[in-house]
Amino acid sequence: MVAEIFTSIFGALTPLATMIVLVAGALALPGIQMFGKKHVVSWAFALILTIFALVMDMCLLVDGYTGTYLGVTTTVYTTLMGMLFLIVLFFVVLVSNASTETTRSHAGAYYSLLLGATTGMLFVVSSVDLLTIFVGVELTSISSYALVALKRKDGRASEAAVKYAIIGGLSTALTLYGISMIYGLAGTTTIYELAAYVLTAESFNWAFAIGMVCMIAGYGFKIAAVPFHMWAPDVYEGASAPVSMFLATGSKKMGLAVFIQVFLFMFIMAGTLGTIYGEIAQYTFAILAAITMTLGNVVAIAQNNIKRMLAYSSIAQAGYILIMMAVMTNEAMAAGTFHMFTHVFMKGGAFLIVGALICAGIGEKISDYKGLAKRAPFLAAAMMLFLFSLAGIPPLAGFTSKFFLFASAIGTPGATYDEWVWLAFVAILNSAISLYYYARVVKAMYIEKGSETEKIKVPAVFLFAIVLCLVFVVILGVYPDLIYGYCEMAANTLPHIVG
Amino acid sequence: MSMILTSMIVIPLIGAILALLMGGSREKLAKYVAIAFSAIELVIAVLLTLGMFGSFDSLSESFQWIHTDVFVINYALTVDGLSILMVFLTSLLVLLVNIFSLDEHRENNNYFYALIMAMEVGLIGVYTAADYFLFYIMWEVTLIPMYFMISWYGGPRRHYSAIKFFIYTHVASLVMLIGIFALGYLSVEAGPVDFSFEAVKNGIASAALGAQSLIFALLFFGFMVKMPSVPFHTWLPDAHTEAPTEGSVLLAGVMLKMGSYGIIRICIEALPNAAAYWQWLIIAIALISIIYGAYGCIAQTDLKKMVAFSSISHMGMVMLGIGCLSEAGITFAVFQMFAHGLITAMLFMVCGMTGHKVGTREIPLLGGLAGRMPMYALFMMICFMASLGLPGLVGFWGEFPVIMAFYDFILANNVIWMLLFCMLSLMLTAGYYLWAMQRTLFGPETTKIDLTHAHDVGHFEFAVLAVLSVLVAFFGVWPDAALQFLEPYTSGLIAAMGVI
């Protein structure tokens, strides 16, 4: 198989292979920028490395490669999530050179940071220890602060970067505090040893529960779960559209991956769901999910800036995905991972359109989109499909993944869950609410008359990226097995990850 | 395996895409594309109905679609006596609507016809689906074209009406979706859930009655909003008043039937015990809808709004027939769906023409139109008479036998006073139609509006209305032409209920 080519190149280092490629790229890029001068060279280099890493990851995934090197574990789950991050990176890098927002004078640093941030994400999904996870998350976070700030000479971007850094620091502190409490009680930071601790714990310990909740809160900042979401709209608005897309679709998924790894692994793996710690985690996540999706959707209605609206809609989507953490079954995890994938394509596509339109001189207000159907028929149609997919209208990808996700909360073959049906109800009601603000954009584009009528031209790479997203939004809607099969495989191999 | 049902979904889809592509200078072609494809569709539907492709059983199609650890979802289509009538009605009305629209010119014609054809895809899909997942997808597919139809081509308050229509029906279908999940999960002991109608029907029978009746309530709510029944009917008059004539015809003619079709196909077929449990509630909702709808009609001054309220009343009659849970009740409820589809199409065309040709649909401003527009008056009389249940026209066979079936229910339960509601409804229906007709068509010609530009029915409009009038009369004197499909289906349905 193709994967053998890579395994023969990297040998025992194969679990690290994608990270090695990206790190090498991140280190080389500033040099290339210095000697190559032209920003297009840096772009091409970064793009080629990204595609190489993506192809390698896909081959490992299709082959079902598993392996461990120095505690870095590669499983189906790792390669699957790795593929998600690399797809995001691919889209972001692809359009960055054509975007007028991303700085060209610092192309080397920009691509280097993007590659570095993605390395952090890949590191997170192949870790089985709280501390290595923490290191990966920090690598991504610190790169992201700089990425936001790189849109120089823009007051909003600087404000966003500072806000992001301060709140990120707070979340780091909370996480470390939680980890230290857990370490103090359990004497370990390795997840499967923690699971054993939870399983054998004789009496309930408040400190351990608080440590858990601190970690949920700390990583809750990363996924912008309510009430830790305040930074997200400001940052997405301030950053350039490609970077916003990177944060909304990539970095947020990393936070969710951390939740999967720490809590799903810990509880499902050890079969300790019935214990009191499991219940605390489940109910915390259920409440977090319900509040996050409701607030995200309700506040999104009031937004006039499309980036802010998409930011709140991302918050709401994170709320939907958190359902899997409340239900904590293999099916829920498969459905949640699948929703992360469809979210990449639909939300990513929407951000790409926003970015493309900014390049064409269209503003960020929803009212600027008036009459877009006449000026850019393809972009308007694509935007409509992305938004409808986000709202969960069949037969698009967003519907199918929500179908699986909500279904996992309602029951399992042979029974319905009494505990989580309410969560499915809340989620479904939220889907209905969300339709209102998505429809508002569609209405502006298709129904209202704009003041200008000239046609809009956008860069060809943007169109290419948008078409790719669109193809996947449609294909995953009617043929989810393409990725869902791997999501199930990842969820089912979960208990065998360690040991 | 024959692919005839799939082709019935694919043909309008191709028509929609082609019509959409006919933009700019080729805009004139869009309507011919739409007519051609809907004509092919009708031909297939007629051949299907006449049994040219073999018996219904041989026409089921099923392909493996999504197979996961939890779900087995198939792309499955089927037709039987219940769906064949709806498929025929849908393809007939879509073609007639396309022809009817020829007399009027619109901006962006290509979008208009693409929407109509897209709606046909969803409608045929709903009426032929044999899998819950596919059914739900098709159910939602009908929604979006109608939303755009209203908000692009509608009247002055179109944005409000379109979004109201969308939110009402979308929320209802989401509730239905929860019901579908629960139905699926409880239909199996373990292992993957097979979402095909047949598997769920067989599996759910052993579930507890409490769970069944809860699921029934969720599903019934979804369908009831679509029908619509009081108190969730308020989107309908708004949507109809603002929608263009073509949209109203499809909305009232075939889309509302999705609700009653769903009740029979899913609620009654899969959950007969729960249906018996909720029988009184169904009857109560039906009676309230009938009476409230009829009273609503009397109060309206807008002709089209009046017809919209009459739809609520007549769909209440459908629900009454279903609520009887007897062979006669369900048979004639479905016949009433069919009859109402034909009649209401005429009604909305006539009312739409009033607004278009005279300039207003306000009844108090109209009067004595018969003199100036004799053909218009003739068609209005035909459809009003058909709708109020004149023997010899198709409406009679929809209403009268349903009341007969209800009479059996009344006798069996010893609630003779309920007959009063039926009498009241018949009186009110006759009342509002005759009164509206008298004020619109007869008496001295109105001086409140300028009638100098009023012109009679156009050529294409005449052709369409004539075809519908002939069908209304044909099924009025020979209802068996439609009933022969229904009777085997309902007797099978009732027999299956008896076993359970």
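Trainee: What percentage of the 500 residues of chain B count as buried?
Mentor: This is a predicted model, in which local features need pLDDT of at least 70, side-chain atom pairs count only at pLDDT 80 or more, and totals for chains, interfaces and linings use all residues. Residues are numbered from 1 along each chain as its sequence is written, with chains lettered from A and ligands numbered from 1 in the order in which they are written. A residue is buried if 20 or more other C-beta atoms, placed from the backbone, lie within 10 Å of its own, exposed if 12 or fewer, and partly exposed in between. For chain B, the buried portion of the 500 residues is 59%.

Trainee: What average pLDDT does chain B have?
Mentor: pLDDT is the predictor's confidence in each residue, from 0 to 100. In chain B, 99% of the residues score at least 70, and the average is 90.

Trainee: Which ipTM does the predictor give the complex?
Mentor: Two scores are given for the complex by the predictor. The pTM is 0.90, and the ipTM is 0.85.

Trainee: Why is chain B described as being as compact as a globular protein of that length?
Mentor: Chain B has 21 helices and 3 strands, where helices (H or I, at least four residues) and strands (E, at least two) are DSSP runs numbered from the N terminus. The globule rule is 2.2 Å times the number of residues to the power 0.38, and the radius of gyration is taken over C-alpha atoms. The rule gives 23 Å for 500 residues, and chain B is judged so compact because its radius of gyration is close to that, at 22 Å.

Trainee: What box do the C-alpha atoms of chain A fill?
Mentor: Chain A has 20 helices and 4 strands. Its radius of gyration of 22 Å is close to the 23 Å from the globule rule for 499 residues, so chain A is as compact as a globular protein of that length. Along the principal axes, the C-alpha atoms of chain A fill a box of roughly 70 × 55 × 45 Å.

Trainee: Among contacts in chain A between residues at least 6 apart in sequence, what percentage join residues at least 24 apart?
Mentor: Two residues are in contact if their C-beta atoms, placed from the backbone, lie within 7 Å. In chain A, with contacts restricted to residues at least 6 apart in sequence, those joining residues at least 24 apart make up 80%.

Trainee: Which helix gives the most to the side of chain B that touches chain A?
Mentor: The contact takes 24 residues from chain A and 30 residues from chain B. On the chain B side, α5 (132–141), α6 (143–153) and α7 (158–186) each supply at least two residues. With 13 residues, the helix that gives the most is α7(B).

Trainee: How many residues of the side of chain B that touches chain A are nonpolar?
Mentor: Ala, Val, Leu, Ile, Met, Phe, Trp, Tyr, Cys and Pro count as nonpolar, Asp, Glu, Lys and Arg as charged, and the others, Gly among them, as polar. On that side of chain B there are 3 charged and 5 polar residues, and the nonpolar ones number 22.

Trainee: Is α17(A) roughly parallel or antiparallel to α18(A)?
Mentor: The axes of α17 (residues 397–410) and α18 (residues 421–446) of chain A come within 7 Å and cross at roughly 150°. Axes are lines fitted to C-alpha atoms, for helices over the stretch in contact, with angles from 0 to 180 degrees between N-to-C directions. Angles under 35 degrees count as roughly parallel, over 145 as roughly antiparallel, 65 to 115 as roughly perpendicular and the rest as oblique. The crossing angle therefore makes α17(A) and α18(A) roughly antiparallel.

Trainee: Where does A:P395 lie?
Mentor: Most peptide bonds are trans. The bond from A:P394 to A:P395 is cis, with omega near 5°. A:P395 lies in the loop between α16 (377–391) and α17 of chain A.

Trainee: Is B:N414 buried or exposed?
Mentor: B:N414 is found in the loop between α18 (394–413) and α19 (419–441) of chain B. Its phi is near 55°, a positive value in a residue other than glycine. With 7 other C-beta atoms within 10 Å, B:N414 is exposed.
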